Amino acid sequence: MTDTLNLLIGIAAGLNLLALASSRLPSMIRAAALQGLVLGVLPLLLEDDWSVLLVAMAAGTALAKGFVIPSLLRRAMHAASIDREVEPLIGFVPSLLLGALATILAMLLSRSLPLLPEHSRTLLLPGALATAICGALLIMARTKAISQVCGYLVLENGAYLFGLLLLRSTPLLVEAGILLDLTVGIFVIGIVVDRIQREFDSLDTRNLTELHE
Amino acid sequence: MIAWAEPVASTLLRAIAWIALAPLVPGIIHRTKAWIAGRRGPPILQLYYDLARLWRKEVVWSSVASPMHLLGPAVAWVAVLGAALLVPTDAAHAGLDLPGSAILFVYLLALARFGTAAAAMDTGSAFEGMGAAREVSYAVLSEVALVTGLLALSVHGGSASLAHMFDASGGVGSALLAGGLFVVLLAENCRVPFDDPNTHLELTMVHEVMVLDHSGPPLAVILHGASLKLAIFSVLLVKAVVPLGQHSPLVAVAVLGAAAAGVGVGVGIAESLMARLAFRRVPLLLTTAFLLNLFALLVEVEGGRLR
């Protein structure tokens, strides 16, 4: 059980790096979607007795993060008919190395943090930290609005992983609320993307740093 | 029987086996590529015929070449053969058991590359200089990946001697190592997607351009050295990934040979499916290989702690 869990978290950490290395928007969206899908099934591995709520939550998370949100992003991408190339502020090789460094540092850091005995053998905490840092890196180091949304998704996946540590003590309804917020957020960002596109004819968020009349 | 006779005889035997069997690997790769493309392709033994033909030809010396032009290929071949002898071919009769031979292995391969590159630049041809520059700049990145992979293996095996560090677990770490070492194999041996061995357009050649001025027996030595290096990396990849330790020596050697041939088929398939990468995309792929090996190392270190 723990081995499968660690394997899935390891795959999620690999998908962080895939998102950092992808030079095209569709592959970045795919990496974020796959990560959401992989992390969606984790609650089923952590809990032994499957309640209806738990299964519904896992299915809902996997469905929302793996299919609904990515398809919204793809639609926004097609609607805005933008160039598919990702424009990095930090190059692909440096961002890959930074992501790997973050993953290793997360491993080292989580060794010294006090954890519950049932979590000390899992990679939940390092995975959460690494995913959150990689998501933040994606938001900072990419210029296009859609790639920043992907970064936000990865960041949220990190927060979700962190939340799994508290699975026993927080009701899954909280996570449902977060998921709802996320979906609404993606909707809003979709509208914003459309607005940016109409105003500037590109999705480069660097255009938004200056104030105009 | 003198005490040192047995190891010396076994080493000699393994050297002869390496020399005799290495040209098979490029033959398998070419055959696979031809098969996928729907051609009949050259015979698997083609490289043997080529080597025999080159060995009979006379050498044409450039008028500006120094002795380095001959010395380079010779040094490279001996260094690659030395590296081959360090790689254990089965569990019982391990390779030359030197402490820290993993480091010697990396340095011997680097020495071989230096020999080829120095011989290439010796004639002062601009194209060959360019090829040497490209080969060495690929090597800067692929060597990091190779050393990281060897480090992961030595952490797993608990030894820095190549003879003792191949104790494959067949787990996640092995899967990562397989990916990383396969990319290193392609890069170190100048295969597609890093270099196209069939191209004859000077601007795009990397390894092939370095040997343009060589002819006759020195060229044969270079070609044989290249095939030997390919064989070394195939065996290294198999030893790193496939658990062979529990089998009897004979079975282990048979499995090793079959798996190394399988790696040749894999290279052929990869070359048929992929196009050459744009030059500026190469560092990304080599960094990926480095990270795969780095995470294999991480799995070894963390896995030991979590278990």
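A helix here is a DSSP run of H or I with at least four residues, and helices are numbered from the N terminus. Keep in mind that we're working with a predicted model.

**Exercise 1. Work out which helices of chain B line the second largest pocket, and describe that lining.**

Step 1. Start with the space itself: the second largest pocket holds about 890 Å³.

Step 2. Find its middle. Of the 38 lining residues, B:His207, B:Glu208, B:Ile222, B:Leu223 and B:Ala226 lie nearest the centre.

Step 3. Now collect the helices. Those of chain B that supply at least two lining residues each are H2 (24-36), H3 (46-56), H4 (68-86), H5 (101-122), H8 (207-210) and H9 (216-241). H9(B) has the largest share, at nine residues.

Step 4. Sort the lining by class, and you get 20 nonpolar, 10 polar and eight charged residues.

**Exercise 2. Do the same for the largest pocket, keeping track of which chain each helix belongs to.**

Step 1. The volume comes out at about 1400 Å³.

Step 2. This pocket has 47 lining residues, and those nearest its centre are A:Gly10, B:Val172, B:Leu176, B:Phe295 and B:Val299.

Step 3. Both chains turn up when you list the elements giving two or more residues: chain A brings H1, H5 and H6 (124-141), while chain B brings H7 (172-188) and H11 (282-306). With 13 residues, H11(B) gives the most to this lining.

Step 4. As for class, the count is 26 nonpolar, 15 polar and six charged residues.

**Exercise 3. Characterise the interface between chain A and chain B: how much area is buried, and which elements of chain A take part?**

Step 1. Count the residues, using heavy atoms within 4.5 Å as the contact cut-off. That puts 17 residues of chain A in contact with 16 residues of chain B.

Step 2. Turn to area. The two chains bury about 1400 Å² between them, and 75% of that is on carbon and sulfur atoms.

Step 3. Check for polar links. Salt bridges between chain A and chain B number zero, and the count of residue pairs in polar contact, with both residues at pLDDT 80 or more, is zero as well.

Step 4. Look at chain A's side of the interface. Helices H1 (2-21) and H5 (92-111) of chain A are the elements giving two or more residues to it. H5(A) gives the most, with nine residues.

Step 5. Finish with the classes: the side of chain A that touches chain B splits into 11 nonpolar, four polar and two charged residues.

Notes: Residues are numbered from 1 along each chain as its sequence is written. Chains are lettered from A and ligands numbered from 1 in the order in which they are written. This is a predicted model: local features need pLDDT of at least 70, side-chain atom pairs count only at pLDDT 80 or more; totals for chains, interfaces and linings use all residues. Side-chain values use heavy atoms; hydrogens and water are left out. Buried area is the accessible area (1.4 Å probe) that two parts lose on being put together, summed over both. A salt bridge is a side-chain nitrogen of Lys or Arg within 4 Å of a carboxyl oxygen of Asp or Glu. A polar contact is a pair of N or O atoms within 3.5 Å; within protein, one must be able to donate a hydrogen and the other to accept it, and residues adjacent in sequence count only if both atoms are side-chain atoms. Ala, Val, Leu, Ile, Met, Phe, Trp, Tyr, Cys and Pro count as nonpolar, Asp, Glu, Lys and Arg as charged, and the others, Gly among them, as polar. On a 1 Å grid over the protein atoms alone, a cavity is a set of points where a 1.4 Å probe fits but cannot get out, and a pocket is an open set with protein on both sides within 12 Å along at least five of seven lines; lining residues have an atom within 4 Å of a point. Grid points are joined across faces, edges and corners, and a volume is the space filled by probe spheres set on the points.
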